[in-house]
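Visitor: I'd like a close look at the outer surface, at one small part of it. Start there, please, and then lead me inward at your own pace.

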Amino acid sequence: MKIMVIAIYLLMELFEYFLVYLNYKNRNAPLPDNVKDVYDEETYAKQKAYEMDNLRLGIVSGLLGLAVTLVVLGFDLHSVFFYMLGIESMYLRVYFMFIMVALISLPLGIIFGAIKTFKIEAKYGFNKSTVGTFIGDIIKEQLISAVLMLGLISLFMLLHGAIGNMVFVAFFFVLVAVMLFIIFFFHFFSKLFNKFVPIEEGELKDRIDELSLRTGFPVKKIFSMDGSKRSTKANAYFAGFGRNRVIVLYDTLIEKCTVDEIIAVLAHEIGHAKKRHTLMSAPLRFGAMAILLLVGYFVVNQVSISTAFGFSELNIAFNFLILTIFVSPIFALWSIPVSAVSRAFEYDADKFVAEHASSEALISALKKLHRDSYANLTPHPFVVLVQYSHPPLTQRIAALYPEEKS
Ligand SMILES: [Zn+2]
């Protein structure tokens, strides 16, 4: 059983490296005509160097992460920590096991995160983050994920004890509720990391008011965010649902783009909101949870999984944790339709721009954003198929101007 778990884990790691390799192999593919003007020669050379630096870092950090996981699994460290304290409470032992295993891989995450931010991003002039912000982010992220993870595992153990295998049905609703909670309160959590202010009065504000009136998206839900606190890279997003919907424009986007371009990007986000893309993609996310719990039904109660990793009896918390390895191949397949739907929504939101703002302005904004973040313009089609939530730029442009297909 132990061999099987480790084999699945290694196979999925290999698959990740295969995707990285495909993009690497495709790095010198000729640029399609409609994106040839994104980079000049000098910038394109820098973009390639940036990709290579990230690739090298990714391989080294990935291999070390893999080594750590193999040590943790190979030496049964979960059960070692579980029995270490000799305390009575099952819950406290499980918490200790989770926290200790997380602490083992945390230093790697911090070190490679720091190298990425302060070496690579800084080398290419992207980084704006200070050491204080960087450390603050890690502490906040770790606290949020620890509370969420330990809360969920406690609830799972509690329900498993109370209602037995019905826990898998009940937990479907728990996970759906948690997912809706996170989407609904996304903006609330974002405020822990960034500042959000209304758009300043002026030409841009007037144009936004006009667009808001025309498309029916409430203007008081449109904010500027201090993205410049961490990076020069620009972005915009739509989040939440119901009365918690917001559209966020990074201050870096407002700084870099013309008013027409900002309006086009904003129209794209309003398109996501108006066409209810968050709601429409919900069934696919619910599907993922159903898969997780279906596989969970077969994995969590398997005594042989716990005993293979040093436990003397069934440990549902450990089996629940190891479930992530068992579902990873299915989730990799599941991500194909999920990404396809997400890419279809991007085309759909772009179409909204063509109807309510300017396609030209959207294209020039997208080109600017791709250039200013050294984005990869020639991802391998297979990687796009299995992973990309956004279509490659050349395809988005082609979709807006089908007659000028490159
Ligand atoms: Zn979008």
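**From a surface patch to the zinc ion**

Guide: Leu 385 lies in helix α15 (helices are DSSP runs of H or I with at least four residues, strands are E runs of at least two, and both are numbered from the N terminus). Before we go on, keep in mind that this is a predicted model, where local features need pLDDT of at least 70 and side-chain atom pairs count only at pLDDT 80 or more, while totals for chains, interfaces and linings use all residues. Residues are numbered from 1 along each chain as its sequence is written, and side-chain values use heavy atoms, with hydrogens and water left out.

Back to our spot. With a relative accessible area of 38%, Leu 385 is partly exposed (buried is under 20%, exposed is over 50%, and partly exposed is in between, using a 1.4 Å probe and protein chains only). Leu 385 has company: together with Phe 18, Tyr 21, Tyr 24 and Phe 382, this leucine forms a nonpolar patch on the surface. The five share about 440 Å² of accessible area (found by the Shrake-Rupley method with a 1.4 Å probe, counting only the protein chains shown as cover). To join a patch, a residue needs over 30% relative accessible area and no salt bridge; like charges are joined within 9 Å, and nonpolar side chains (Val, Leu, Ile, Met, Phe, Trp, Tyr) within 5 Å. Which helices feed the patch? Helix α1 (2–25) and helix α15 (381–387) each bring at least two residues to it, and α1 gives the most, with three.

Now let's follow the charged pairs. A salt bridge puts a side-chain nitrogen of Lys or Arg within 4 Å of a carboxyl oxygen of Asp or Glu, and by this rule the count comes to 15. One of them stays inside a single helix: Lys 205 pairs with Asp 209, and their closest N and O atoms are 3.1 Å apart. Both partners sit in helix α8 (residues 203–215), four residues apart, or about one turn of the helix. Lys 205 has a relative accessible area of 15%, so it is buried, while Asp 209, at 28%, counts as partly exposed.

Other bridges link separate parts of the chain. Asp 372 and Lys 256 meet side chain to side chain, at 3.6 Å from N to O. Asp 372 belongs to helix α14 (residues 359–372) and Lys 256 to helix α9 (residues 251–256), so this pair ties together parts that are 116 residues apart in sequence. Asp 372 is partly exposed, at 26%, and Lys 256 is partly exposed too, at 24%.

Then there's Lys 275 with Asp 348, where the closest N and O atoms are 3.1 Å apart. Here the lysine sits in the loop between α10 and α11 (277–299) and the aspartate in helix α13, so parts 73 residues apart in sequence are tied together. Their relative accessible areas are 21% for Lys 275 and 22% for Asp 348, so Lys 275 is partly exposed, and so is Asp 348. Elsewhere, salt bridges that share partners join Asp 53, Arg 56 and Lys 123 into one network.

Helix α13 turns up again at the zinc ion. What holds the zinc ion? Its protein donors are His 268 (NE2), His 272 (NE2) and two OE entries from Glu 346, lying 2.1 to 2.7 Å away. To be a donor, an N, O or S atom must be within 2.8 Å of the metal (3.2 Å for Na, K and Ca); water isn't among the atoms, so sites may look incomplete. Along the chain, the donors follow the spacing H-x3-H-x73-E. His 272 lies in helix α10 (residues 259–274) and Glu 346 in helix α13 (residues 316–356), so the pair ties together parts 74 residues apart in sequence. Are these two buried or exposed? His 272 counts as buried, at 9%, and Glu 346 is buried as well, at 6%.

Stay in helix α13 a moment longer, since that's where Val 353 is found. Val 353 is buried, with a relative accessible area of 0%. Although Val 353 is 85 residues from His 268 in sequence, the two sit 5.4 Å apart in space, C-alpha to C-alpha. Not counting residues up to four places away in sequence, Val 353 touches Ala 264, Ala 267, His 268, Ser 358 and Leu 362 (contact means heavy atoms within 4.5 Å).

Our last stop is Ser 359, in helix α14. Ser 359 is buried, at 10%, and beyond its neighbours within four places in sequence, it is in contact with Ala 354, Leu 400 and Tyr 401.
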